[in-house]
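Grab a pencil and work through a few exercises on strands, side chains and charge pairs. Try each task yourself before you read the solution.

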Amino acid sequence: TASGYVMDGETSCVAQDKSLTRILLANRIDIRKIKPDHSESTSVVGSLPNAIAVDYHYTRDYVFWTDVTRDTIMRARANGSDMREIVSTGLVSPGGIAVDWIHDRLYWTDSGTRRIEVASLDGTDRKVLVWEKVDKPRAIVLDPCEGWMYYSDWGLYPRIERAYMDGRGQQPIVNQSIFWPNGLTMDYVKRRLYWLDAKFHRMESVRLDGSDRRVIVGSGLVHPFAVTLFEDSVYWTDWQTKSIHRTSLWGVG
C-alpha cells in the first residue's frame, strides 16, 4: 500500500488519518478546502473574480487555478500565501488545469484558443502541445507515470481523447453518446476514467483505452461540472445548484 494508507479488505485502501483529508474547490470567488464529510469548509484564497479550475501539487505545496474573467493562471501556497500570476498572456478561456507532480509541469486547456499548453510551475518554458483536431477542450487529467494526458472536448464533435504528454498521438477513446463532457478524473489504482456530461445529466466511466463503458449515475444530475475521487467515493460539483455531491465508484450510496 502507499504511504499513509492501509488495506481495507482485499481490494480497497483507506487513509490512515482522514482528519487530514481535504477537497479543493474552485468556488468562482474563492478557493476552498472542504472536509469530505462537509463538516468543515475554509477559504484558502478569497476575493477572486472567477476561479474555475483548480489543482494541487502536494510535494511543492502549491495550489494552481484558472480565472476566466482575468484570463490568467494563478498560484499560491496551500495556506493562501505567496499568491501570484504565472500565466497572463495568450489566454482566452482557460477551463481546465492539471499538475504533473513528477516532472513539475503545469498543463491547461483553453477552449477560446483551441489549445492545450504546458509550462513550468512558474509559467516559464511555455509550449503549445495540441492545436490541431481540437475544438473546445475542457477538462484535463494526467497520468505522468505512463506518459498520457486525457482531456474532454465539447466542440462540434464531442469526445474524450488521450495523447502523449508531449502532444503526440491524439486518439479518441469516447466519441459516441457524449455531448457536453465537463469534469474528468482518473482512478489511478483501478485504471479508469470518470466524466460528467452536463447535457445528458449523468456520470460515466471507462477503462483508459475506452473499453468497458459504465454508467455510474444515470439521471438526476442538474448541471454537473467538476469531479474528483477519494478512496472508493467520487465527488462532483453542480454549477446550477451550487452544491457538492458524493457517491461510490460503483454508483451506489
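What follows is a set of exercises, each with a worked solution.

Before you start: this is a predicted model, where local features need pLDDT of at least 70 and side-chain atom pairs count only at pLDDT 80 or more, while totals for chains, interfaces and linings use all residues. Residues are numbered from 1 along each chain as its sequence is written, and side-chain values use heavy atoms, with hydrogens and water left out.

**Exercise 1. Asp67**

Work out what the side chain of Asp67 reaches, and which side chain of opposite charge is nearest.

Step 1: place the residue. Asp67 sits in strand E7, residues 62–67. Strands here are DSSP runs of at least two residues, marked E and numbered from the N terminus.

Step 2: check burial and charge. Asp67 is buried but has no salt bridge. Buried means under 20% relative accessible area, exposed means over 50%, and partly exposed is in between, with a 1.4 Å probe and protein chains only. A salt bridge needs a side-chain nitrogen of Lys or Arg within 4 Å of a carboxyl oxygen of Asp or Glu. For charge, Lys and Arg count as positive and Asp and Glu as negative, with His and the chain ends not counted. The nearest side chain of opposite charge belongs to Arg70, at 5.0 Å.

Step 3: look at the backbone instead. The Asp67 side chain reaches the backbone nitrogen of Thr69 at 2.9 Å. A polar atom of that side chain also lies 2.9 Å from the backbone nitrogen of Arg70.

Step 4: widen the view. Setting aside neighbours within four places in sequence, Asp67 touches Pro49, Asn50, Ala51, Thr72 and Pro94, where contact means heavy atoms within 4.5 Å.

Step 5: carry on along the chain. Asp71, in the loop between E7 and E8, has a positive phi of about 55 degrees although it is not a glycine.

**Exercise 2. The four-strand sheet**

In what order do the strands of the 4-strand open sheet run, and which strands stand at its edges?

Step 1: trace the order. It goes E18-E19-E20-E21, with antiparallel pairing. Two strands pair if DSSP finds at least two bridges between them.

Step 2: find the edges. E18 (181–187) and E21 (214–217) have a single partner strand each, so one side of each lacks a neighbour in the sheet. From one strand to the next, the twist averages 25 degrees; the axes behind it are lines fitted to C-alpha atoms, and angles run from 0 to 180 degrees between N-to-C directions.

Step 3: check the surroundings of E18. 7 of its 7 residues are buried, so E18 is largely enclosed by the rest of the structure.

Step 4: go through the pairs. E18 and E19 are antiparallel over 5 bridges, with Thr185 partnered by Tyr194 in E19. Their hairpin has 4 residues between the strands, and Arg191 takes a positive phi near 60 degrees there. Next, 6 bridges join E19 (residues 192–197) to E20 (residues 202–207), and Arg192 has Arg207 as its bridge partner in E20.

Step 5: add the charges. Arg192 and Arg207 also belong to a network of salt bridges with Asp212 and Arg214.

**Exercise 3. Salt bridges between loops**

How many salt bridges are there, and which loops does the Glu40 pair tie together?

Step 1: count. The total comes to 17 salt bridges.

Step 2: take Glu40. Glu40 forms a salt bridge with Arg22, with the closest N and O atoms 3.4 Å apart. Glu40 is in the loop between E4 and E5 and Arg22 in the loop between E2 (12–15) and E3, so the pair ties together parts that are 18 residues apart in sequence. Glu40 is partly exposed at 33% relative accessible area, and Arg22 is partly exposed at 31%.

Step 3: try Lys190. Its side chain meets that of Asp232 in a salt bridge at 3.6 Å, N to O. Lys190 is in the loop between E18 and E19 and Asp232 in the loop between E22 (224–230) and E23 (233–238), so this pair ties together parts that are 42 residues apart in sequence.

Step 4: finish with Arg114. Arg114 and Asp135 form a salt bridge at 3.4 Å, N to O. Arg114 is partly exposed at 43% relative accessibility, whereas Asp135 is buried at 17%.

Definitions and conventions:
A polar contact is a pair of N or O atoms within 3.5 Å; within protein, one must be able to donate a hydrogen and the other to accept it, and residues adjacent in sequence count only if both atoms are side-chain atoms.
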